[in-house]
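Biologist: Hello! Could you walk me through this model, one question at a time?

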Amino acid sequence: MATTLSSHLPSFLPTLTALKAYLLILIVSVISQCAFGNKDDFKFVTCGSVVKLVNVQHNVRLHSHEVRYGSGSGQQSVTGVDSPDDGNSYWVIKGKVEDPCKRGTPIKCGSTIRIQHLATKRNLHSHHFQSPISHNQEVSAFGEDGVGDDLDEWLPVCSTKYWERKQIVRFKHRETNVYLHTTGDQFGRPINGQREISGYSYPETGNEWKAMEGIYIKPDSDN
């Protein structure tokens with residue numbers, strides 16, 4: 001049974017065996033595709049890439065786990081963590097359910113994407129509940145085995161045609177128009193020190209993100 005933020009149980013310890021196996025498969029796939037590729041092959045974040053997203057202002061990575069909110073929706077919580085080595089901070093970049101993107105295709109700025117938590121297979125999600133600390137809009141992880149709803153859809157907001165790995169990007173929630181955000185507010189037990197992630201109505205420095213560690217899928221030559 002999942003822990004809630006209102007309980008005093010130990011935080012969930014991630015089972016990393018499946019995660020490591022999945023990442024190993026992706027690494028082998030990438031190496032086999034691009035052993036002799038040039039440095040521009042991985043300029044973009046592409047469909048199917050597995051990435052960590054860091055908040056530029058607070059230097060925390062977007063994270064989730066089998067710990068549910070003790071208020072609001074009661075769905076799986078999404079937080080920010082300081083450690084760059086955390087195994088629960090990997091997210092898979094996907095297209096819309098009804099219009100999936102082709103693996104390796106660069107993600108176009110302003111296009112509709114889903115951001116799926118690798119370990120739990122739930123999608124980054126937002127809705128009209130208040131977040132527990134800042135009382136902004138709640139951000140959660142939702143769905144089962146990658147199947148959620150239209151509140152899982154986000155738009156990467158960036159200044160170029162495609163989302164580039166080195167650039168700052170914002171994520172705008174397609175349905176409610178809030179931006180993926182952190183104020184830096186910290187939770188207590190059972191996830192002591194982790195930062196609240198919320199949806200904020202206006203673009204500002206607390207909703208600037210960059211793609212960091214991960215597995216980036218090489219675009220096909222005909223893309």
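**A covered strand and its neighbours**

Modeller: Gladly! Strand β4 is covered on both of its faces: Q76, V78 and G80 lie buried on one side, and S77, T79 and V81 lie buried on the other. Please keep in mind that this is a predicted model.

Biologist: How many residues of β4 are buried?

Modeller: Strand β4 covers residues 76-81. Buried here means under 20% relative accessible area. By that cut-off the strand is mostly covered, and the count of buried residues is 6 of 6.

Biologist: Which residue of β4 stands opposite R68?

Modeller: Start with the strands: β3, residues 60-68, pairs with β4 in the antiparallel sense over 5 bridges. R68 is the residue to follow across to β4, and opposite R68 stands Q76.

Biologist: And what is the bridge partner of Q76 in β8?

Modeller: Strand β8 spans residues 137-142 and runs antiparallel to β4, with 2 bridges joining them. In β8, the partner of Q76 is A141.

Biologist: Which residue of β12 does T79 stand opposite?

Modeller: Strand β12 is made of residues 195-196, and 2 bridges pair it with β4 in the antiparallel sense. Across from T79 in β12 is E196.

**The disulfides**

Biologist: How far apart in sequence are the parts that C47 and C101 tie together?

Modeller: C47 and C101 form a disulfide, with sulfur atoms 2.1 Å apart. C47 belongs to the loop between α1 and β2, while C101 belongs to the loop between β5 and β6, so the bond ties together parts whose separation in sequence is 54 residues.

Biologist: Is C101 buried or partly exposed?

Modeller: Its partner C47 is buried, at a relative accessible area of 5%. Buried means under 20% and exposed means over 50%, with partly exposed in between. C101 has 28% relative accessibility, so C101 is partly exposed.

Biologist: Is the disulfide of C109 and C158 left-handed or right-handed?

Modeller: The sulfur atoms of C109 and C158 are 1.9 Å apart in their disulfide. The pair links distant parts of the chain, with C109 in the loop between β5 and β6 and C158 in the loop between β9 and β10. The torsion about their S-S bond is about -110°, so this disulfide is left-handed.

Biologist: What is the pairing of the bonded cysteines in sequence order?

Modeller: The structure holds 2 disulfides. Number the bonded cysteines of the protein chain in sequence order, and the pairing reads 1-2, 3-4.

**Rings and charges**

Biologist: Why is the pair of F44 and Y162 edge-to-face or stacked?

Modeller: Planes under 30 degrees apart count as stacked, and those over 60 count as edge-to-face. The ring centres of F44 and Y162 are 5.6 Å apart and their planes are at 65°, so the pair is edge-to-face.

Biologist: What is the angle between the planes of W163 and F171?

Modeller: Both W163 and F171 are buried. They form an edge-to-face aromatic pair, 5.3 Å centre to centre, and the angle between their planes is 70°.

Biologist: Over which ring does the charged end of R165 sit?

Modeller: Charges can be checked against rings too: K52, for one, lies over the face of Y90, at 4.7 Å from the ring centre. The charged end of R165 is 3.8 Å from the centre of the ring it sits over, and that ring belongs to Y216.

Key: Residues numbered from 1 in each chain as written. Predicted model: local features only at pLDDT ≥ 70, side-chain atom pairs only at ≥ 80, totals over all residues. Heavy atoms only, no water. Disulfide = S-S within 2.5 Å. Helix = DSSP H or I, 4+ residues; strand = E, 2+ residues; numbered from the N terminus. Buried < 20%, exposed > 50% of the residue type's maximum accessible area, 1.4 Å probe, protein only. Pairing = 2+ DSSP bridges. Phe/Tyr/Trp six-rings, centres within 6.5 Å; stacked < 30°, edge-to-face > 60°. Lys NZ or Arg CZ within 6 Å of the ring centre and 35° of its normal.
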